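Q: Please take a close look at one part of this model for me. I would like to go through the largest pocket and what surrounds it.

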Amino acid sequence: MSDELEYHALHIAVESESEGRAILDELARDPGRFGEIARKRSKDPLSAANGGDLGWGREDDYAEAFAEALVKLRPGGLSDLVASQYGFHIIKLAGTRPARFVDED
């Protein structure tokens, strides 16, 4: 894992693969609707209220499958459907930045 970058991630979390595939089809037609779809259909109530926005985090802040998909994306990129222990996710990478280290001394 790399702690050199922080990732600004958004996601849409759903219960089933079929629901996730349907949302991917919608996003293929109109990627600009990501936030709207997240607000209406994501099962993650905290991020859904913010259009799927998870804020900034390091790779190890996320579930393994989620992190593996996230770090492969380029800013603005959208993942395929990602299965994790929490269900299925469609991930969008808003951006990256150098990790901010906290001096604990």
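A: What follows starts at the pocket and then moves outward to the helices and strands.

The model is predicted. Its largest pocket holds about 160 Å³ of space. The lining is made up of His 11, Ala 13, Lys 43, Asp 44, Leu 54, Asp 61, Tyr 62, Ala 63, Phe 66, Tyr 86 and His 89. Sorted by class, that lining has 6 nonpolar, 3 charged and 2 polar residues.

Take the aromatic residues next. Tyr 62 and Phe 66 both belong to the pocket lining. The count of aromatic pairs in the model is 1. That pair is Tyr 62 with Phe 66: the ring centres are 5.1 Å apart and the planes stand at 20°, so the two rings are stacked. The cut-off for stacking is planes under 30 degrees apart. Tyr 62 has 15% relative accessibility, so it counts as buried. Phe 66 has 4% relative accessibility and is also classed as buried. The limit for buried is under 20%.

Phe 66 leads on to a helix. It is one of the buried residues of α4, which spans residues 64-72. The others are Ala 67, Ala 69 and Leu 70. Viewed down the axis of α4, these buried residues fall within an arc of 165°, so they line one face of the helix. The general rule is that an α-helix has 3.6 residues a turn, so residues three or four places apart point the same way. Glu 64 and Lys 72 are exposed, and they sit on the face of α4 turned away from the buried side.

Helix α2 can be read in the same manner. It covers residues 34-41, and its buried residues are Phe 34, Gly 35, Ile 37 and Ala 38. Down the axis of α2 they fall within an arc of 165°, so they line one face of this helix. The face of α2 turned away from its buried side carries Arg 39 and Lys 40, both exposed.

Phe 34 also gives a link to strand β1. Val 14 lies in β1, residues 5-14. At a relative accessible area of 1%, Val 14 is buried. Val 14 and Phe 34 are 20 residues apart along the chain, and their C-alpha atoms are separated by 14 Å.

Now come back to the pocket through His 89, one of its lining residues. Ser 16 is in the loop between β1 and α1. Its relative accessible area is 27%, which makes Ser 16 partly exposed. Ser 16 and His 89 are 73 residues apart along the chain, yet their C-alpha atoms are separated by 9.6 Å.

Strand β4 comes next. It runs over residues 87-98 and contains Ala 94. Ala 94 is partly exposed at 42% relative accessibility. In sequence, Ala 94 and Tyr 7 are 87 residues apart; in space, C-alpha to C-alpha, they are 7.7 Å apart. Lys 92 is in β4 too. At 26% relative accessibility, Lys 92 counts as partly exposed. Lys 92 and Leu 73 are 19 residues apart along the chain, with their C-alpha atoms separated by 7.9 Å.

One further ring contact deserves a mention. Arg 97 lies over the face of Trp 56, at 4.1 Å from the ring centre.

Conventions: Residues numbered from 1 in each chain as written. Predicted model: local features only at pLDDT ≥ 70, side-chain atom pairs only at ≥ 80, totals over all residues. Heavy atoms only, no water. Phe/Tyr/Trp six-rings, centres within 6.5 Å; stacked < 30°, edge-to-face > 60°. Buried < 20%, exposed > 50% of the residue type's maximum accessible area, 1.4 Å probe, protein only. Lys NZ or Arg CZ within 6 Å of the ring centre and 35° of its normal. 1 Å grid on protein atoms, 1.4 Å probe; cavity = no way out; pocket = protein on both sides within 12 Å on 5 of 7 lines; lining within 4 Å. Points joined across faces, edges and corners; volume = space filled by probe spheres on them. Nonpolar A, V, L, I, M, F, W, Y, C, P; charged D, E, K, R; others polar. Helix = DSSP H or I, 4+ residues; strand = E, 2+ residues; numbered from the N terminus. Arc of directions from axis to C-beta.
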